[in-house]
Every structure is written in structure tokens, then in C-alpha cells.
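Let's walk through a protein chain together, one step at a time. Have the sequence and the 3D view ready, and turn the view as you read.

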Amino acid sequence: MLALDLNHLDQYSDHLRSLSGVPVTVRFVAPEDASALQAYFRSLSVQSRYNRLMGAASELPPAQLDAFTHLHDDGRFSVVATVASDAMETIVGEARYAFDEDTASVELGLSVANAFQGQGIGTALMANLECRAAALGAKRLFGDTLRTNDAMVALARKSGFAFAAIPNDWRQVRFTKPIEVAPREVPCATWHLLAEAA
């Protein structure tokens, strides 16, 4: 697995654009993002929060917030998508992904702020996660979502994922995609450089 420099996480940021051309930065979450990330989750609609957390919750539980905001060298990562306005950074999306070296798979989950849905941020974030997974050496990307989560199902379908039932769980569906891009061919600039150095 690609070793990350936990003291210089800013070098792993990627700069994307929404459909309207708004610059979007995808970067690792840091401990100082805890209050902003919690505010982001609180701002999601009840349905969006339910879909992302797969259950009723008004915010991220403390243990989950701690896991989201502290990066360890255990193959689990959290990123936020942010936009800048008037010198202020606003979280407009987030993703959590986990790399399993034994199966060469990355499991993911993500959300986009309600006010920013439909602007291509989810699609860009999904593509960025595929870049990050390729740089880690993963061969497969997958996630589980509620069957009723129309937005996530549509995003995964648009991103080229296949769907399968989850045994003994009628509420959820699994979406899976093989990663066919070689680590040295990842399209995200910063991850391309890291892959070249590996």
C-alpha cells in the first residue's frame, strides 16, 4: 500500500470543478475540521442523513466523528469536498473509504450537501475516489447503499458500477466496479505523482 506522509496531508489534495465551473477541492479531513464536518452533517436533510448513515441520526455520533477526523495508517481515510467563498471554506461533500490489502478492494461511502446536489460534485468525487483507490493499488471499488437511496444508486450507475443484492439484507444493495486504470495512469495529478514515486 502507498505510504502516506501524515504530517503533510495537504500534498494529497486534488482540485476539481463543478458542472458550473466552481472550483472544488478534495482533501483529507483534519482534526480541526471536526466542528465544520459535524455542522455539514447537521445541515443535511433528514433523508440525506438517513441515507448516508443508514439510520436515523441528527448528527455524526462522537465515535464516528472522531474516526472521520483522525487519519491513521490503517487503510481508512476521510476526505471532504470544499468550495471557497469570501475567503471561507465550505464543506459541500464528504467521503469515507477503506482499503483492504487482502482483497485489493476499496469500500466507499459519500454524500453531497443538498444545496450542491445536481452540480456534478458527486460524480467528480466518485471519480476522485477511483483515482485514490488506484494509487493505493486497489483492483475493485464497492459500496453498500439503501435500495431507496435514489441519488446514490443513480450516481453509482452513472459512474459505471454494477449492482448486486446483499444476502440476508433486503434493504441494501451493493455496487461494484473493477479498477482498470493502472496506478501510473491515474488522472488525478497529485495521485499520479505519488504513483510515479512508488
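Helices and strands here are DSSP runs, numbered from the N terminus, with at least four residues for a helix and at least two for a strand. With that in hand, you can place a residue such as Asp66, which is found in helix α3. Please keep in mind that this is a predicted model.

Let's begin with the whole chain. It holds six helices and eight strands. Starting at the N terminus, their order is β-β-α-α-α-β-β-β-α-β-α-β-β-α. The chain has 198 residues, and 49% of them count as buried. Its accessible surface comes to about 10000 Å², and carbon and sulfur atoms make up 54% of that surface. How much of the contact between residues links parts that are 24 or more positions apart? Among contacts with a separation of 6 or more, such pairs account for 60%.

Asp66 gives you one example of two places that are apart along the chain. Asp66 and Ala34 are 32 residues apart in sequence, and their C-alpha atoms are separated by 7.8 Å. Asp66 counts as partly exposed, because its relative accessibility is 44% and that class lies between the 20% and 50% cut-offs.

Now find helix α1, residues 34-43. Which residues of α1 are buried? They are Leu37, Gln38, Tyr40 and Phe41. These residues cover an arc of only 155° around the axis, so they sit on the same side of α1. A general rule helps here: an α-helix has 3.6 residues a turn, so residues three or four places apart point the same way. On the face of α1 turned away from the buried side you will find the exposed residues Ser35 and Ser43. The cover over the buried residues of α1 includes the helices α2 (46-53) and α3 (62-69), along with the strands β3 (76-85), β4 (88-100) and β5 (105-112).

One of the residues of α1, Tyr40, leads us on to strand β5, where Val112 has its place. Val112 and Tyr40 are 72 residues apart in sequence, yet 9.5 Å apart in space from C-alpha to C-alpha. Leaving out residues up to four places away in sequence, Val112 touches Tyr40, Leu44, Val92, Gly93, Gln117, Ile121 and Gly122. Val112 is buried, because its relative accessible area is 10%.

Next, look for empty space. In general, rolling a probe the size of a water molecule over the atoms shows where empty space is left. The largest pocket of this model holds about 790 Å³ of space. Its lining is made of 34 residues, and Arg52, Gly109, Leu110, Ser111 and Met152 lie nearest the centre. Two or more lining residues come from each of α2, α3, β4, β5, α4 (121-136), β6 (140-146) and α5 (150-158). Which element gives the largest share? That is β5, with six residues. Sorted by kind, the lining has 14 nonpolar, 14 polar and six charged residues.

Two of the residues named near the centre deserve a visit. Arg52 lies in helix α2, and at 15% relative accessibility it counts as buried. Beyond residues up to four places away in sequence, Arg52 touches Phe41, Phe68, Glu94, Ala95, Arg96, Gly109, Leu110 and Ser111.

Met152 takes us to helix α5, whose buried residues are Met152, Val153, Leu155 and Ala156. Seen down the axis of α5, they fall within an arc of 165°, so they line one face of the helix. The face turned away from them carries the exposed residues Asp150, Ala151, Arg157 and Lys158. The cover over the buried residues of α5 includes β5, α4, β6, β7 (162-166) and β8 (169-178). After α5 comes Gly160, with a positive phi near 90°.

Our last stop is the backbone of two loops. Most residues other than glycine have a negative phi. Met54, in the loop between α2 and α3, has a positive phi near 55°. Met54 is partly exposed, with a relative accessible area of 26%. Asp86, in the loop between β3 and β4, also has a positive phi near 55°. Is Asp86 buried or exposed? With a relative accessible area of 74%, Asp86 is exposed.

Technical notes: Residues are numbered from 1 along each chain as its sequence is written. This is a predicted model: local features need pLDDT of at least 70, side-chain atom pairs count only at pLDDT 80 or more; totals for chains, interfaces and linings use all residues. Side-chain values use heavy atoms; hydrogens and water are left out. Buried means under 20% relative accessible area, exposed over 50%, partly exposed in between (1.4 Å probe, protein chains only). The arc is that of the directions from the helix axis to the C-beta atoms. Contact means heavy atoms within 4.5 Å. On a 1 Å grid over the protein atoms alone, a cavity is a set of points where a 1.4 Å probe fits but cannot get out, and a pocket is an open set with protein on both sides within 12 Å along at least five of seven lines; lining residues have an atom within 4 Å of a point. Grid points are joined across faces, edges and corners, and a volume is the space filled by probe spheres set on the points. Ala, Val, Leu, Ile, Met, Phe, Trp, Tyr, Cys and Pro count as nonpolar, Asp, Glu, Lys and Arg as charged, and the others, Gly among them, as polar. Accessible areas come from the Shrake-Rupley method with a 1.4 Å probe; for residues, only the protein chains shown count as cover.
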